[in-house]
Amino acid sequence: MRMNTCISAPVSCPGIRTGTGPEMLKKAFLDNLFYLQGRSLETASINDLYMALAYTVRDRLLHRWVNTLHRYMTEDVKVVFYLSAEFLPGPHLANNLLNLGLFEQVRTAMNELQIDLNVLINHEEEPGLGNGGLGRLAACFLDSLATLKRPAIGYGIRYEFGIFDQILTHGWQEEITDKWLRPGNPWEIARPEESCEIGFGGRTERYTDSNGYLRVRWHPDLVITGVPYDTPIPGYGVNNVGLLRLWKAEAHESFDFQAFNMGDYYGAVEAKVVAENISKVLYPNDAARKGKRLRLSQQYFFAACTLQDIIRIHHRQGQSIESLPDYWAGQLNDTHPAVAVAELMRILVDTHTLPWERAWDITRRTFSYTNHTLLPEALEKWSVQLFGEELPRHLEIIYEINKRFLDEVRLRRPGDTDCLSRVSLIDETPPRYVRMANLAVVGSHAVNGVAALHTRLIKENLFADFHKLEPGKFHNVTNGVTPRRWMMLANPLMTKLITEVTGDAWHTNLELLSRLEPLAADAPFRHKWMEVKRRNKEKLSDYIREQTRISVDPSSMFDIQVKRIHEYKRQHLNALHIMTLYHRIKQNPDTEMVPRTFIFGGKAAPGYFMAKLIIKLITSVADVVNNDPDVRDRLKVVFIPNLNVKVGQHIYPGADLSEQISTAGMEASGTGNMKFSLNGALTIGTLDGANVEIREAVDPENFFLFGMDVEQIRDLRQQGYGPGAMYKNNAELRAVLNLLRDGYFSHGDTDLFKPLYDHLLLHDNFFVLADYASYLDCQARVEQAWRTQDRWAEMAIINTARMGYFSSDRAIEEYCKFIWHVDPLEVEIQDLT
């Protein structure tokens, strides 16, 4: 983009907004405390102090952001717009201090004011704008885009209430409201002047335009305003700043004065309530029809706002609508924003009156799509009736896309009606559904999986017909994590050790961790490594005691599984292993066993009964194991509640063993596996997701592999899997499951875990019992390896040294090179005041 622009700013005390020395930072902090918070040091609360410091850091951040914007406006640049229903950025303060290079200066300034910087960092509320890996990946990508100097905007929803806060009551998960905005959010800037008007429902009308062409006009019966809120995302060690723009839904008219005067007090604010529901909560329960309608409305709302926004910017730069793909690369992060394909077609055909073929070419060249799941239930479908009621014009457009696409397929695959049925955008099974994943594939120029195995399964199974039709469209971009958040911020002790021996270039080039590998053979360095690990485990032990009142031994092996609770992730397989070890102790109280602390964390979807029952199982096993004197601290079981980014930063550095035990072929990639390995944990896992590539990177001898692979599971399923046979033929498994059945872990209640017991013996869809024996054998190898601590340290160092590939920086470089074609742009800091 090129634009002649003059950027002005209010005159302020020289340096108080931009200075980075401790003295100037101290003055700026006191200035913000007094003038923005209305407090002195003597009267300020912790929140006042936090807000004043956040505004002080934000000033320096905005200085870079305005310079970044100025550079974009005066150059021809292509910009990534990343559409995601989830963003999990984590707390901003510490990350911004790190990326801006201000940590030590700010710490000095706060110390001189007798303020503990760590207290302010820990005080910050975390934006709960995501459910797990999808949102965290999006946040890692924004960090990497800015660090790699790529112009980018992340687009999503500003949920008033994010993912619920999790508490445990008698071992059961309970959900409480995540009020992350209550203390105030100093990092965001509202932009009401750039609001969008978004329609819903209504009807369509056909008419003939002045040139005699048949056109369609959409008459929505509800219009909602989308207000953007901007959060700058700084790159590490560079002047470039990216942007996270989140949309808040507001009523077009929020108060009906006439209704109020007539005594209809609810009616006076009804429009406000209806509108604001759209951005009220992340992932409303969609079991009921109203929930489905709201979720579809959310997806269309942020996709439509985003497209209006980029087209407005595009026109402001003096560009024609037909050049949109030359200046904008749109990434659909899973199927949630897939309706953007139909919305862009509506804008191009109905508003800009482009011929269908030209509009379709622009649309496909604009979008690319990342698939994140192989689970059928995660591939969203909307009933045709609901979709038509909410988005009547878009349903017509989808029908037309489908008609033209199926005509092409008929020419390529004559007589193959089964193929037509599989690739159709409409599932004709009553009551008929719109397949959003198929829409995303057809409407994009590129489709990618997020791990080598995942991409292979996409090509061979999930989208096999599409791959045969357009093999060049499909790519693999294995996920990655940002080392800034997940090593430098989360694990400063290990960061210091690594930097001392390798230099600091690895901060932005993770492949340089390979310089560590020769030191794996160095005994003094191994000792230092394990000392750092011990200190991290002591810190984690303190945190566990604070959160759960359970004391754990940091000299024990910390065996950790933290991730969303789901049957395919098989936390219950882990629990069966614990129950087996416990059973061995009860059979022989003097049995030799490596002391282990089993640490769990993760949230279950509110409506997912079996996942909640698994949490209850873990906490029930913990109650028995932790209080049985026969165990003698050989086993401890802990469930850390409310797993989020902030909690994860406590956990990953303290792990010895990383449990990545999902059913092969179920996990798209996983990124927790990368975070654990980066922080020096060894992995026990299946050949699933990115585990495959991690194992290849670290060598099989440094990875604990167990379980069936994808082909073995497929063959077993085809032969007819009978989990009852596993129970019958394995005496130890039978004994453990009988304890579960007979109420041993539930105070004699034989009904509590009956659904789980019955499901495992009758169905076992995720092959828990089939992999049980292999898992136990592998855990025995883990125990044997742990007994030789010198060898364990060597393996841990090699794991970290070979994690270079799993950086989100590498992933973004691949997206930019092979899919988006977006180049870096240097930003120089100028005085633009």
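This report describes a buried strand, a nonpolar surface patch, aromatic ring pairs and one loop proline in a predicted model.

The model is predicted, so local features need pLDDT of at least 70 and side-chain atom pairs count only at pLDDT 80 or more, while totals for chains, interfaces and linings use all residues. Residues are numbered from 1 along each chain as its sequence is written, and side-chain values use heavy atoms, with hydrogens and water left out.

**Strand β1**

Helices (H or I, at least four residues) and strands (E, at least two) are DSSP runs, numbered from the N terminus. Strand β1 spans residues 79-83, and 5 of its 5 residues are buried, so β1 is largely enclosed by the rest of the structure. Buried denotes under 20% relative accessible area, exposed over 50%, and partly exposed in between (1.4 Å probe, protein chains only). Val-79, Phe-81 and Leu-83 cover one face of β1, with Val-80 and Tyr-82 on the other.

Strands pair if DSSP finds at least two bridges between them. β1 pairs in the parallel sense with β11 (residues 328-333) over 5 bridges, and Val-79 stands opposite Trp-328 in β11. Strand β2 (residues 152-157) runs parallel to β1 and is joined to it by 4 bridges; here Val-80 stands opposite Ala-152.

**Aromatic pairs and the surface patch**

Rings of Phe, Tyr and Trp (its six-membered ring) pair if their centres lie within 6.5 Å; planes under 30 degrees apart count as stacked, over 60 as edge-to-face and the rest as tilted. By this rule the model holds 23 aromatic pairs, including the two tabulated below.

| Pair | Centre distance | Plane angle | Class |
|---|---|---|---|
| Phe-34 and Tyr-35 | 4.9 Å | 75° | edge-to-face |
| Tyr-652 and Phe-676 | 4.6 Å | 65° | edge-to-face |

The second pair links distant parts of the chain, 24 residues apart: Tyr-652 lies in the loop between α24 and β21 (657-660), and Phe-676 in helix α25 (residues 672-678). Both Tyr-652 and Phe-676 are buried. In the first pair, Phe-34 is exposed at 52% relative accessible area, as is Tyr-35 at 62%. Phe-34 belongs to helix α1 (residues 22-35). Ring pairs also link Tyr-82 of β1 with Phe-141, Tyr-815 and Trp-820 into a cluster.

**Pro-641**

Pro-641 is found in the loop between β20 (635-640) and α24 (645-651). Its relative accessibility is 18%, so Pro-641 counts as buried. Beyond neighbours within four places in sequence, Pro-641 is in contact (heavy atoms within 4.5 Å) with Gln-166, Leu-168 and Thr-548. Val-624, 17 residues from Pro-641 in sequence, lies 19 Å away in space, C-alpha to C-alpha.
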